[in-house]
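Thanks for coming. I will take a few minutes to walk through one structure, and you can follow along on the screen.

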Amino acid sequence: MSDSSTLAAQYLDASIALLERVRDEEAANIEAAGTLLADTVTAGGRLFAFGAGHSSLAAQDVVYRAGSLALMNLLAVPGAVGVDVMPATLGSALERVDGLASAVLDASPATSGDALVIISLSGRNALPVEMATHARALGLKVIGVTSLSYATGPDAPTSRHSSGTFLRDHCDVVLDSKIAVGDAELTHEGVDAPFASASTITTSALMQSTLATCAAVLADRGVQPPLLRSGNVDGGHAWNAKVFDDYRDRIFYQH
């Protein structure tokens, strides 16, 4: 087997091992997070997801997505959601700006009784920490998806928030993505830096597992989960149109 094939197998094995850790170690937290979302739905609340930079990928993955809850809305911070801004480094800089998260939340439809999932691999920057603290001050429940290695591990960096705290310190439920500091699973002779990130894999798995749990909890309570179907199956568009109409006051990507 060539070196390149060996590295590919090593990366896949590393990703599988991380997913197995998520399955075995985060089951109770996933159950708690899914139940929190189900409680919000049955109480008439709205659901939001936020992530900055590449952490936004897992948030976007559950918004307006076939097989996902129609009620999950993306809470976007302009310029911080992805790498579509120029220069791309601007997004990273915005994560360190004090006051930005509060301004975005105050201008959003999110309000007391709603739930917000905040995704931040390191959980150290001002934006996710302030997003969590201000959301809770407004009466929202907060689920944090982060790597606890960044807050408690031997290589843990310092917080960039003025309080010295991390995202995990301001959440009702925390989901640990199990990613080591640096988010790089591989090394190789002749390559100066570690490489091959896996945070999107485990974070997306946590998000999908949480929403699956939410759907099951709702069903157990006799509530039909407001799920979207693929527009590429017969009847999918009609199904989705009814869901959009039934829950139009809680879906904001349709407006």
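**A walk from one lysine to the sheet**

Let me start with K242, which sits in helix α9. Please keep in mind throughout that this is a predicted model. Is K242 buried or exposed? Its relative accessibility is 53%, and the cut-off for exposed is over 50%, so K242 counts as exposed. For a sense of distance, take R168, which is 74 residues from K242 along the chain. The C-alpha atoms of the two are separated by 37 Å.

Now to the sheet. It is open and has five strands, in the order β2-β1-β3-β4-β5, and the pairing is parallel. At the edges are β2, residues 72–74, and β5, residues 173–176, each of which pairs on one side only. From one strand to the next, the twist averages 20 degrees.

Going through the pairs, β1, residues 47–51, is joined to β2 by three bridges in the parallel sense. Within that pairing, N73 of β2 is the bridge partner of F48. Between β1 and β3 there are five bridges, also parallel, and here F48 stands opposite L116 of β3. β3 and β4 pair over five bridges, again in the parallel sense, with I119 opposite V145 of β4.

Let me stay with β3. How many of its residues are buried? Five of the five are, so β3 is largely enclosed by the rest of the structure. As a general point, side chains in a regular strand alternate between the two faces of the sheet. In β3, A115, V117 and I119 point one way, while L116 and I118 point the other way.

Next, the helices against the sheet. Helix α2, residues 27–42, packs on the sheet and touches β1, β2, β3, β4 and β5. The direction of α2 makes about 135 degrees with that of β5. Helix α6, residues 126–137, lies across β1, β3 and β4, and runs at about 165 degrees to β3. Together, β3, α6 and β4 form a right-handed β-α-β unit.

That brings me to the nonpolar cores. In soluble globular proteins, nonpolar side chains tend to be buried together. Here the largest nonpolar core has 35 residues, and those with the most contacts inside it are L37, L47, M72, V117, I143 and L175. Elements giving two or more residues to this core include α2, β3, β5, α8 and α9. The last of these, α9, is the helix where K242 is placed. To look at one core residue, L175 touches, among others, I30, A33, I143, V145 and L206, leaving aside residues up to four places away in sequence. There is also a second, separate core of 22 residues, and F48, V104, M131 and L140 are among its members.

Last, the cysteines. How many disulfides are there? The count is zero, taking a disulfide as two cysteine sulfur atoms within 2.5 Å. For C171, the nearest cysteine sulfur is that of C214, 18 Å away. With a relative accessibility of 12%, C171 counts as buried. C214 is in no disulfide either, and at 0% relative accessibility C214 counts as buried too.

That is the tour, and I am happy to take questions.

Technical notes
Residues are numbered from 1 along each chain as its sequence is written. This is a predicted model: local features need pLDDT of at least 70, side-chain atom pairs count only at pLDDT 80 or more; totals for chains, interfaces and linings use all residues. Side-chain values use heavy atoms; hydrogens and water are left out. Two strands pair if DSSP finds at least two bridges between them. Helices (H or I, at least four residues) and strands (E, at least two) are DSSP runs, numbered from the N terminus. Axes are lines fitted to C-alpha atoms, for helices over the stretch in contact, and angles run from 0 to 180 degrees between N-to-C directions. Contact means heavy atoms within 4.5 Å. Buried means under 20% relative accessible area, exposed over 50%, partly exposed in between (1.4 Å probe, protein chains only). A crossover is right-handed if, with the strands pointing away from the viewer, the path from the first strand over the helix to the second runs clockwise. A nonpolar core is a set of buried Ala, Val, Leu, Ile, Met, Phe, Trp, Tyr and Cys residues joined through side-chain atoms within 4.5 Å.
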